[in-house]
Amino acid sequence: MTPIDAKRPLQLNDQGQLRHFLSLDGLSRELLTEVLDTADSFLEVGARAVKKVPLLRGKTVCNVFFENSTRTRTTFELAAQRLSADVITLNVSTSSTSKGETLFDTLRNLEAMAADMFVVRHADSGAAHFIAEHVSPEVAIINGGDGRHAHPTQGMLDMLTIRRHKGGFENLSVAIVGDILHSRVARSNMIALKTLGCPDIRVIGPKTLLPIGVEQYGVKVFTDLEQGLKDVDVVIMLRLQRERMTGGLLPSEGEFYRLYGLTTARLAGAKPDAIVMHPGPINRGVEIESAVADGPHSVILNQVTYGIAVRMAVLSMAMSGQTAQRQFEQESVQ
Amino acid sequence: MSLSIIGARVIDPASGLDRISDLHISQGRIVAIGDAPADFTASQLLDASGLVAAPGLVDLSVSLREPGYSRKGTIASETRAAAAGGVTSLCCPPLTKPILDTSAVAELILDRAREAGHAKVFPIGALSKGLEGEQLAELIALRDAGCIAFGNGLNSFGNHRTLCRALEYAATFDLTVIFHSQDRDLSAGGLAHDGPTASFLGLAGIPETAETVALARDLLLVEQSGVRAHFSQLTTARGVELIEQAQARGLPVTADVALYQLILTDEALTGFSSLYHVQPPLRSAADREGLRAAVKKGVVQAIASHHQPHDRDAKLAPFGATEPGISSVELLLPLALTLVQDGLLDLPTLLARLGQGPAEAMRLPAGRLQVGAAADLVLFDEGVSTVAGERWLSKGANCPFLGHTLPGAVRYTLVDGHISFTG
């Protein structure tokens, strides 16, 4: 029996444009390319003396972070400000009441403030979907990271980084290294790379940190770092959370570094012009050696800059998709 | 009062009866099947031509939510919903507030159920105090108050020795113990079947071994203690294989599955709908096939609704923050008829899994049509369909089948010869 509420393109409007940005799953190559192209154009704005464009003038963007974040929250704030939007940021504690009640009640309150767009980060997988389904349909929802599920703007800024440094995706080998199991960044990256036509996507980690059925993303699985890095063009390192040491996933940070830490010697097995990426914040000496993080292959700080442009692109596209949808609905009523 | 049901296709899986016939009922009991006794005059005639008359359904797990959670459901509302699903006897699990670990709670439930009068209610008592798995509940006091079996729900015992003693104590008095075999550690924090769907959605997984490891342990302890055991809510193909092996070596264990496990798989979670959040979780398509085969073979004797009604707020949150459970007892018969529609079971076999099988597993005086037995019946029309949710009696609207067109429609449910539901 097929569920009546089976997957539907929640994040697209009737014309197939973005109206929310929840996950990269189900988005076309054309749409992802449009995000990258738009972000490219906004990079120029960031380079100008006056860094503002008026695309979201008069609109209110609300950053609602149920989970701590510095980088993502700040770059979303900057992105919204550069688009001339009014920006509110709320750090909502999850400890006070049950998460669900807090979330639903918070949403209702924000709706009442007539915000046009929510950027949401939440520790539960599926939180952004839940919000998009329950908030008033005129509000655009941007997923700033939900549990282990998705971090689509990080995924797109990683794609922008790869495209700007490697020119495209068609002939690339990309390795994602470390804690794939708990990583929403890895999930978004695997989907984006596949959609954009990357022919060789590899994930590298011990079995305790690889999700069951990771092959469904069209990736090759390696448990040996040196084999997995051989001749790759791009290395994406993931952050290893300290709490993984409890519960038997790993014996120690030291042993993880010994097996999966990216050192200069190991990077030598990749292509000579390989780039090294990391969503941050980095753990020096746990997943990456300082010499690599600060070295010539590293594009880790470029990622942060591109992050603002990608978030500007996503915010402006989702807002225009919402506006188009409302016009379309008004016209069809008339 | 007396009643004659005329011209129904009367199916009684226990006796192999399946023919067009009449049923005659007096003072709540079946007095004849076929010709009326010479001295019998019906005060009421019910024309049942075109309908199937079968033993009223026996549902081994219907959460009534009372006492303690009446915002989710009440004994009156949920037994009424059960009657609409064709149910005449049901067992309610001990997870109430307070927990059903004292005879006072059992008596309260039985009183209110009698007052409501929609279905016969058989409480399942807590095996341990507070379901905490540490100290035994007063099993004999609970038995004498009306508890027909004992279980600890999904709360496992903290230590194997305590569990072992609980089983030996229950065995002393020939009590039935109901197991929900799920290993606490292997399932800790889990939200969904540990497979590709959960991986894709980023939901923490509950591996198959959470069930099989606990089940293997429980079967060995059952064998050692000699306790009368029933395994409830099995979800995996490997799990029912373990039951089959135990039965093959002569262990008299019975088992049930949740009806929704025979219909849905973990793929339903795509889209994060909290309606599909259940514990133990929806499993893979291969598991569903294994369960269906076990139901067909009779390794699993009972299909239960595992009805868990919820208030709206309980499901109004991101998937992981919602409460697990599906409200579906009032669709029990039409939803189960999809198994006949799919060609898995013939109608008498399905009715056996919904009546005789569960009644025998719990030694309930139900599940068969015979002269002298209580007139607990369901009359349904196989030829029409039910649109799920057109009428809804349960307080819990947390049902993923709402809006679906299901085969068959319950026309009358009778408890002790009284009509408890008319559709």
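Where is the place of Ala114(A) in chain A? The loop between helix 3 (99–112) and strand 3 (117–122) of chain A holds Ala114(A), and the legends below begin there. Residues are numbered from 1 along each chain as its sequence is written, while chains are lettered from A and ligands numbered from 1 in the order in which they are written. The model is predicted, local features need pLDDT of at least 70, side-chain atom pairs count only at pLDDT 80 or more, and totals for chains, interfaces and linings use all residues.

**Figure 1. Backbone of Ala114(A) and Gln233(B), two residues with positive phi.** Most residues other than glycine have a negative phi, and most peptide bonds are trans. Ala114(A), which is not a glycine, has a positive phi of about 60 degrees. Ala114(A) counts as exposed because it has 11 C-beta neighbours inside 10 Å. Gln233(B) has a phi near 65 degrees and sits in the loop between strand 13 (228–231) and helix 8 (237–248) of chain B. Gln233(B) is buried, because 25 other C-beta atoms lie within 10 Å. A residue is buried if 20 or more other C-beta atoms lie within 10 Å of its own, exposed if 12 or fewer, and partly exposed in between, with C-beta atoms placed from the backbone. Helices (H or I, at least four residues) and strands (E, at least two) are DSSP runs, numbered from the N terminus.

**Figure 2. Cis peptide bonds before Pro281(A) and Pro98(B).** Gly280(A) and Pro281(A) are joined by a cis peptide bond with omega of about -10 degrees. Pro281(A) belongs to the loop between strand 9 (275–277) and helix 10 (290–293) of chain A. In chain B, the cis peptide bond links Lys97(B) and Pro98(B), with omega of about 0 degrees. The loop between strand 7 (87–92) and helix 2 (103–116) of chain B contains Pro98(B).

**Figure 3. Surroundings of Leu3(B) in strand 1 of chain B.** Leu3(B) is partly exposed, because 19 other C-beta atoms lie within 10 Å. Leaving aside residues up to four places away in sequence, Leu3(B) touches Ile25(B), Ala42(B), Gln44(B), Leu46(B) and Gly417(B). Two residues are in contact if their C-beta atoms, placed from the backbone, lie within 7 Å. Ala84(B) is 81 residues from Leu3(B) along the chain, and their C-alpha atoms are separated by 20 Å.

**Figure 4. Contact between domain 1 and domain 2 of chain B.** Domain 1 covers 2–53 + 373–382 + 408–422 and domain 2 covers 55–361; such bounds come from an automatic or database domain assignment. The C-alpha centres of the two domains lie 30 Å apart. The contact takes 16 residues from domain 1 of chain B and 22 residues from domain 2 of chain B. On the domain 1 side, strand 17 of chain B gives the most, with 5 residues. The residues of that side divide into 10 nonpolar, 3 polar and 3 charged. Ala, Val, Leu, Ile, Met, Phe, Trp, Tyr, Cys and Pro count as nonpolar, Asp, Glu, Lys and Arg as charged, and the others, Gly among them, as polar.

**Figure 5. Contact between chain B and chain A.** Chain B contributes 26 residues and chain A contributes 28 residues. Helix 6 (residues 196–201) of chain B supplies the largest share of the chain B side, 4 residues. By class, that side has 14 nonpolar, 11 polar and 1 charged residues.
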